[in-house]
Amino acid sequence: MGGSTVRPRVAVHKFSSCDGCQLAFLNLGESLLDLAQRVELVHFAEAGPLDPDAEVDVAFVEGSVSTPEDLDRIQRIRTHSRLLIPIGACATAGGIQALRNDVDGAQWVAQIYSHPEAVASLAHSTPIAAHVKVDFELWGCPVSGPQILQVVNALLLGVAPHDNVDKVCTECKRRGYPCVMVSRGVPCMGPVTRAGCGALCPGLGRDCYGCYGPAENANTDSLSAQFRGLGLGAAAIEQRFRSINSQAPAFFAAADKARAGRDE
Amino acid sequence: MSELKRTVAVHVPVLARVEGEGALDLRIVDGEIAELRLRIFEPPRFFEKFLEGRHYTEIPDMVARICGICPVAYQATAAQALEHLFGVELSPWARDMRRVFYCGEWIQSHSLHIHLLAAPDFFGCNSVIELAKIAPDAVRRGLRIQALGNELMDVFGARSVHPVGVRIGGFHGAPSLARIRTMREKLRAALPEAEALIRWAAGIAVPQDDQAFVSVAMRHPDDYAIERGGIGASDGLHIGADAYADHFTERQEPHSTALYSDYRGQPYLVGPLARLNLNHDRLPERVRMLLAETGLVLPSRNLFHSLVARAVEILLALHEALRLLDGYREPDSPWVPVTPRAGVAYGCTEAPRGLLWHRYEMDADGRVVSARIVPPTSQNQGRIEADLRLSLLNFGLDHPDDALRLHCEKVIRNYDPCISCATHFLALNIGR
């Protein structure tokens with residue numbers, strides 16, 4: 001790449017998470033070095049560069065907002081970033097740690113830590129979009145290297161990244177996987193879950209567990225009815241929806257309905 | 001002596017090249033360390049709490065989310081604990097493949113740590129991207145080895161971050177013979193690369209540091225312990241996973257959300273160097289030869305040898321994967337049926353960063369009543385702080401602030417702290 005080319009400035013920020021979505025960058029293998037030629041990695045604490053308040057063209061944000069300090073930090077990042085892209089279930093839906101939202105998290109801390117004052121934790125774990133405007137979201141727990149590269153490539157070309165809102169079922173069909181629910185009665189979340197993973201779970205003969213979050217127009221009522229037909233009780237149906245993407249509105253509502261036992 | 005009279009405050013607000021978020025505060029007054037704190041500000045994610053009420057079939061997918069870098073460790077430990085409680089005997093195929101799967105994680109995690117997190121320090125670089133400019137071949141080799149580890153995890157888990165292949169009783173699916181054949185060729189081709197990595201790692205000049213500490217690692221009569229074995233210590237301790245809590249205790253420090261572990265009232269070491277110190281006699285012949293070539297004398301009391309220890313374990317993991325995949329056959333079924341039973345499940349394995357211990361109280365329907373998870377980083381927490389004090393004194397407190405900061409960071413990275421994992425959470429009212 002010629003020295004005269006201005007490379008886009010990119011930041012990768014971390015909030016409350018397992019670090020797994022940043023690995024979409026760090027696990028790129030030798031492609032990581034190529035990526036570093038094409039963009040300027042300005043801030044990426046786990047990889048080395050530290051400059052959290054630098055002006056950037058694109059900020060990728062991993063993790064959910066879950067401490068008082070996070071509230072301020074995400075605002076600063078928004079101010080310094082032309083495009084802000086949350087990556088992964090924590091950033092797009094609050095993540096698995098948002099399972100605490102239904103209980104009194106602060107009380108847990110007080111009951112259990114001998115020094116609760118050291119544990120600054122908000123009662124709720126929330127997605128980035130609950131606090132600032134976001135420009136595009138990448139769903140998945142975790143997002144994959146190809147997903148990230150696709151977004152970076154689109155941005156380098158100056159086009160809008162493609163948003164896959166299809167259902168996992170479409171990926172099974174495309175790959176010719178037999179339907180685990182139809183053929184073996186396994187309660188699969190594929191019919192309501194966003195595509196993008198490549199139908200990994202049905203590919204192994206098991207149920208999708210919804211780690212990519214809800215697809216567009218997810219018919220959760222119909223799937224809940226199907227689950228009941230397979231013998232799942234209300235509590236089991238509720239837990240299917242209350243998992244990694246529990247705060248995504250479609251799954252949240254479906255879990256609520258199951259709990260209230262008032263579906264259709 | 002006016003040099004020693006100064007007051008130095010070194011504050012590192014975000015530690016670069018560690019997993020998760022941590023900070024370091026160091027205050028030197030009149031030539032003495034007045035304050036030294038490794039602060040963890042990864043907020044608690046309450047895993048142990050929200051596992052309560054969950055069905056055993058969900059546990060592997062949920063605990064994986066504790067750590068994106070070592071999800072297999074969490075899955076394998078939970079599976080081992082529950083299978084033991086439920087009286088499940090894995091098929092020989094599943095038992096072997098759990099170890100192969102785990103080897104993939106060791107290869108991936110260790111290579112990531114060596115090349116992306118630790119090595120840049122020793123070449124005066126800020127990142128692997130800078131390091132690639134002065135040592136391109138070494139970095140590319142490292143990234144290839146890391147990618148190979150990821151691929152091995154992918155073979156059994158369909159992806160390497162939060163893989164989806166483990167189920168209680170075995171695996172959901174079995175890789176085809178064709179896929180394993182390809183994998184074997186790649187693993188074989190990586191052996192000379194891993195040997196070259198050991199030589200390269202051993203050639204990196206590291207500080208001479210000598211500290212007294214107890215090493216804690218799993219021991220197995222036949223294997224270099226990874227996914228099975230008892231818990232051993234360099235002072236002769238040998239216990240099962242169920243006795244862990246009788247010997248190791250946890251406490252919270254006021255400045256951290258992480259919990260500190262003690263063994264007989266003292267900090268202790270877990271991780272690659274602790275394992276090598278305890279288990280080097282279990283290494284395959286070829287790996288032992290390479291290790292001897294490096295001149296590393298074991299047991300080592302210099303934590304800077306952790307980098308070489310990781311390189312040695314990469315070669316070990318390649319050898320183990322190849323040994324266990326030799327003569328591979330697809331099983332009739334990749335899993336055996338499971339019937340849950342009430343009781344307390346204990347499990348432990350060697351995560352890339354060290355001993356990982358799980359305890360689950362289960363009801364008769366196979367639901368979690370309570371869970372407790374002690375990850376390696378919280379076990380190393382006390383040791384890291386003790387090490388920082390000692391090694392800073394060895395290094396000399398009269399160095400400029402930047403040099404002190406860099407030295408502290410190097411020391412911390414020896415432990416490869418995974419701060420995301422470190423923030424587990426313990427019910428202090430557990431009775432015993």
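**Figure 1. Chain A, taken whole, against the compact-globule rule.** In this predicted model, chain A has a radius of gyration of 20 Å, which agrees with the value near 18 Å for a compact globule of 264 residues. Measured out along the principal axes, its C-alpha atoms fill a box of roughly 65 × 50 × 25 Å. The secondary structure here comes to 12 helices and four strands. Of the 264 residues in chain A, 55% are buried. If you take the contacts in chain A with a separation of 6 or more, 71% of them come from residues 24 or more positions apart.

**Figure 2. Where the two domains of chain A meet.** Chain A splits into domain 1 (9-157) and domain 2 (168-259). Their centres, taken over C-alpha atoms, are separated by 26 Å. Across the junction, 13 residues of domain 1 of chain A are in contact with 12 residues of domain 2 of chain A. On the domain 1 side, helix α4 (residues 89-93) of chain A gives the most, with three residues. That side of domain 1 is made up of eight nonpolar, five polar and no charged residues.

**Figure 3. Chain B, taken whole.** For chain B the radius of gyration is 21 Å, and this agrees with the value near 22 Å that a compact globule of 432 residues would have. The C-alpha trace spans about 75 × 50 × 35 Å along its principal axes. Count up the secondary structure of chain B and you get 15 helices and 13 strands. Buried residues account for 56% of the 432 in the chain. Among contacts between residues at least 6 apart in sequence, 73% join residues at least 24 apart. The domain assignment cuts chain B into domain 1 (2-40) and domain 2 (47-422), with C-alpha centres 28 Å apart.

**Figure 4. The largest nonpolar core, and B:I314 inside it.** This core holds 206 residues, and those with the most contacts inside it are A:V61, B:L82, B:V312 and B:I314. Helix α5 (residues 92-122) of chain B supplies the largest share, 15 residues. In soluble globular proteins, nonpolar side chains tend to be buried together. Zoom in on B:I314 and, leaving out neighbours within four places in sequence, you'll find it in contact with B:W106, B:I107, B:H110, B:S111, B:I145, B:A194 and B:L197.

**Figure 5. Helix α12 of chain B, end to end.** Helix α12 (residues 306-325) of chain B runs for 20 residues and reaches 28 Å from its first C-alpha to its last, close to the 28 Å expected at 1.5 Å a residue. The helix is mostly covered, with 17 of its 20 residues buried. Just past the end of α12(B), B:G327 takes a positive phi of about 70°.

**Figure 6. B:S391, a buried serine in helix α13.** B:S391 sits in helix α13 (residues 376-395) of chain B. The residue counts as buried because 21 other C-beta atoms lie within 10 Å, and the cut-off is 20 or more. Setting aside residues up to four places away in sequence, B:S391 touches B:D209 and B:V411. B:I198 is another matter: B:S391 and B:I198 are 193 residues apart in sequence and 25 Å apart in space, C-alpha to C-alpha.

How values were computed:
Residues are numbered from 1 along each chain as its sequence is written. Chains are lettered from A and ligands numbered from 1 in the order in which they are written. This is a predicted model: local features need pLDDT of at least 70, side-chain atom pairs count only at pLDDT 80 or more; totals for chains, interfaces and linings use all residues. A nonpolar core is a set of buried Ala, Val, Leu, Ile, Met, Phe, Trp, Tyr and Cys residues joined through C-beta atoms within 7 Å. A residue is buried if 20 or more other C-beta atoms lie within 10 Å of its own, exposed if 12 or fewer, and partly exposed in between; C-beta atoms are placed from the backbone. Helices (H or I, at least four residues) and strands (E, at least two) are DSSP runs, numbered from the N terminus. Two residues are in contact if their C-beta atoms, placed from the backbone, lie within 7 Å. Domain bounds come from an automatic or database domain assignment. Ala, Val, Leu, Ile, Met, Phe, Trp, Tyr, Cys and Pro count as nonpolar, Asp, Glu, Lys and Arg as charged, and the others, Gly among them, as polar. The expected span of a helix is 1.5 Å times one less than its number of residues. The radius of gyration is taken over C-alpha atoms; the globule rule is 2.2 Å times the number of residues to the power 0.38.
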